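Take a look at the model shown here. What follows is a short tour of some of its local features.

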Amino acid sequence: MGIGVGPPKIQSLWKRRYSTRLLLLDAGVVAWAVAGAFGIRFGFSDISGGTSRDVDYILLSGTLVVAWWLMLGFWGSRDPMVLGSGSEEYRRVLASSAWLFGFVAIVSYALRIDTARGFVGLAFPAGALGLLIARWLVRQHLSLERKQGKSGSRVLIIGGPFSAAHLVRSLRSAPEAGYRPIAVHLPGAASRDFVSLTVPVTGTESDFDSILATIIKAQVDAVAISAGVNMHPQALRRLGWELAARDIGMILAPALTDIAGPRIHTQPVAGLPLIHVSTPKLTGGRKVAKRAFDLAISGVLVVCLSPIFLALALLVRFTDPGPVFYRQERIGLRGTTFHMLKFRSMKVNADAGLKALLDAQGSGDTPLFKVENDPRITPMGRFLRKYSLDELPQLLNVLNGSMSLVGPRPQREGEVALYDDAAKRRLYVSPGMSGLWQVSGRSNLSWEESIRLDLYYVENWSLMGDVVILFKTFKAVFASTGAV
């Protein structure tokens, strides 16, 4: 099988294009934020005839714009490797902004410079929020291009058959990351190992010259070395030198799955980059931070949404006889039970008919008790479920600590009884109102896909990750895709 030869250095073209866009966009946003803060705090009238204090603040504003723009570059927020997916780009934007304004505050205090707090207090949040919104808009455009096969890196994968096949599937499942596998090279593999591959195989030669010739012929932007590669370490080092000389990226993909960056630490030992994987723990300060975040957000939402709570309660009560709330026993943190609250969306005593419906559709032995075209749902309940309004009372579960805003979805005791050893790790953290699988397809996902996403969350929890999931939750709810 042959592979298509693409135009050389397409990667460099999109990098330059997006780098220019971000340079201009960042400059515009920080200038807008600083100028706006200046205008609100001091006003724009009679600037030409202003006092020396006004002139000082004009100079400070100009210096702040330039310093902020440079700081975003120094922190690598425009690095092509963080564009398109993940939260690292946003983290760098926030970190660079916070460090700059922290430095301004320290200098002002140390030199006893009387800097107007209102000016700084307006410029920082406005600029940080503006930068995040601008980056999100650029990311949407970049993600769309990458799903169309543009603005990304053509990747040749070198490794063992099984690891190469897994890497191909993983990269194709996340096109927004910008890595497009075009072929694989399997040093020392037999032809019978090609069956599981969905991309062309360039060959099985193990010698350095043949592999380098294959890379050059394919005109790729990056080479991914997967686990199980049948190459001598010295040959891999030499390959790295040759790729660097040709401006081709080299990616090492270890045999680790569903492990996020914060858990990975590299330690050089005798010239070897040893990768340490830390144990996931949600204890101490991390546990306190998550609980404080849950209390703050859920408390605000309950207060703000109380009129909607009342309206929905009245609609449920008067459109179908029965109680307003539905209480169901679910399994929570480390196997403890609690009563999860919902607005009632089914007929009274609907649970009594669940087993018969599951048996009828042949899904009674799977750990995801979902009934297709469920006849127990009321007309009002169907509307509530479409927009996930039936789940709003779970904010009260969050307030009392039995649930979290983000986490694996709580399941019934019968579903938990069907868990295997891997699925039981979902119980290591508090169940959540939303989670990774809800924002990645909701009930359109299979059980296997859902459990993989939940385990990824458990293994790689971060507060910033919770924030990102909550933002995606609103998008998924309004799109009402996969709702049941």
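Ser388 sits in the loop between helix H10 (379-386) and helix H11 (394-400). The model is a predicted one. Which sign does the phi of Ser388 have? It is positive, near 60°, in a residue other than glycine. Most residues other than glycine have a negative phi. Is Ser388 buried or exposed? Ser388 has a relative accessible area of 12%, so it falls under the 20% limit and is buried.

Gln219 also has a positive phi, about 50°, although it is not a glycine. Its place is the loop between helix H6 (208-218) and strand S3 (222-226). Gln219 has a relative accessibility of 30% and counts as partly exposed.

**Distant residues in space**

Next come residue pairs with a separation along the chain and a separation in space. Gly401 lies in the loop between H11 and strand S9 (404-406). Gly401 counts as partly exposed, at 35% relative accessibility. Ile377 is in the loop between helix H9 (354-361) and H10. At 10% relative accessibility, Ile377 counts as buried. Glu459 belongs to helix H13 (residues 447-459). With 15% relative accessibility, Glu459 counts as buried. The table gives a partner for each of these residues.

| Pair | Apart along the chain | C-alpha to C-alpha |
|---|---|---|
| Gly401 and Leu295 | 106 residues | 8.7 Å |
| Glu459 and Tyr428 | 31 residues | 9.4 Å |
| Ile377 and Val348 | 29 residues | 9.9 Å |

**Aromatic rings**

How many aromatic pairs are there? The count comes to 7. One of them joins Phe101 and Phe124. Their ring centres are 5.1 Å apart. Their planes meet at 50°. Why is this pair called tilted? An angle under 30 degrees would be stacked and one over 60 edge-to-face, so 50° falls in the tilted class.

The pair links distant parts of the chain. Phe101 is in helix H3 (residues 88-110), and Phe124 is in helix H4 (residues 117-147). The two residues are 23 residues apart. Phe101 is buried, with a relative accessible area of 7%. Phe124, in contrast, is partly exposed, with a relative accessible area of 29%. Trp68 joins Phe101 and Phe124 in one aromatic cluster.

**Charges over rings**

Aromatic rings also meet charged side chains. The charged end of Arg21 sits over the ring of Tyr18, and the distance to the ring centre is 4.7 Å. Arg334 has its charged end over the ring of Tyr428, 5.4 Å from the centre. Tyr428 has already appeared in the table, as the partner of Glu459.

**A polar contact in a strand**

Strand S7 (residues 325-331) holds Gln328. What does the side chain of Gln328 make a polar contact with? The partner is the side chain of Tyr326, at 2.7 Å. Gln328 has a relative accessible area of 7%, under the 20% limit, so it is buried.

**Cavities**

How many cavities of 30 Å³ or more does the structure hold? There are 2. The largest has a volume of about 60 Å³. Its lining has 13 residues, and the closest to its centre are Ile331, Pro410, Arg426, Leu427 and Pro431. By class, the lining of the largest cavity divides into 8 nonpolar, 3 polar and 2 charged residues.

The second largest cavity has a volume of about 30 Å³. Its lining is made of Leu83, Gly84, Glu89, Arg135, Val138, Arg139 and Leu142. Which element gives the most to this lining? It is H4, with 4 residues. H4 is also the helix that holds Phe124. The lining of the second largest cavity has 3 nonpolar, 1 polar and 3 charged residues. Glycine counts as polar in this scheme, so Gly84 is the polar residue here.

Technical notes: Residues are numbered from 1 along each chain as its sequence is written. This is a predicted model: local features need pLDDT of at least 70, side-chain atom pairs count only at pLDDT 80 or more; totals for chains, interfaces and linings use all residues. Side-chain values use heavy atoms; hydrogens and water are left out. Buried means under 20% relative accessible area, exposed over 50%, partly exposed in between (1.4 Å probe, protein chains only). A polar contact is a pair of N or O atoms within 3.5 Å; within protein, one must be able to donate a hydrogen and the other to accept it, and residues adjacent in sequence count only if both atoms are side-chain atoms. Rings of Phe, Tyr and Trp (its six-membered ring) pair if their centres lie within 6.5 Å; planes under 30 degrees apart count as stacked, over 60 as edge-to-face and the rest as tilted. A charge sits over a ring if NZ of Lys or CZ of Arg is within 6 Å of the ring centre and within 35 degrees of the ring normal. On a 1 Å grid over the protein atoms alone, a cavity is a set of points where a 1.4 Å probe fits but cannot get out, and a pocket is an open set with protein on both sides within 12 Å along at least five of seven lines; lining residues have an atom within 4 Å of a point. Grid points are joined across faces, edges and corners, and a volume is the space filled by probe spheres set on the points.
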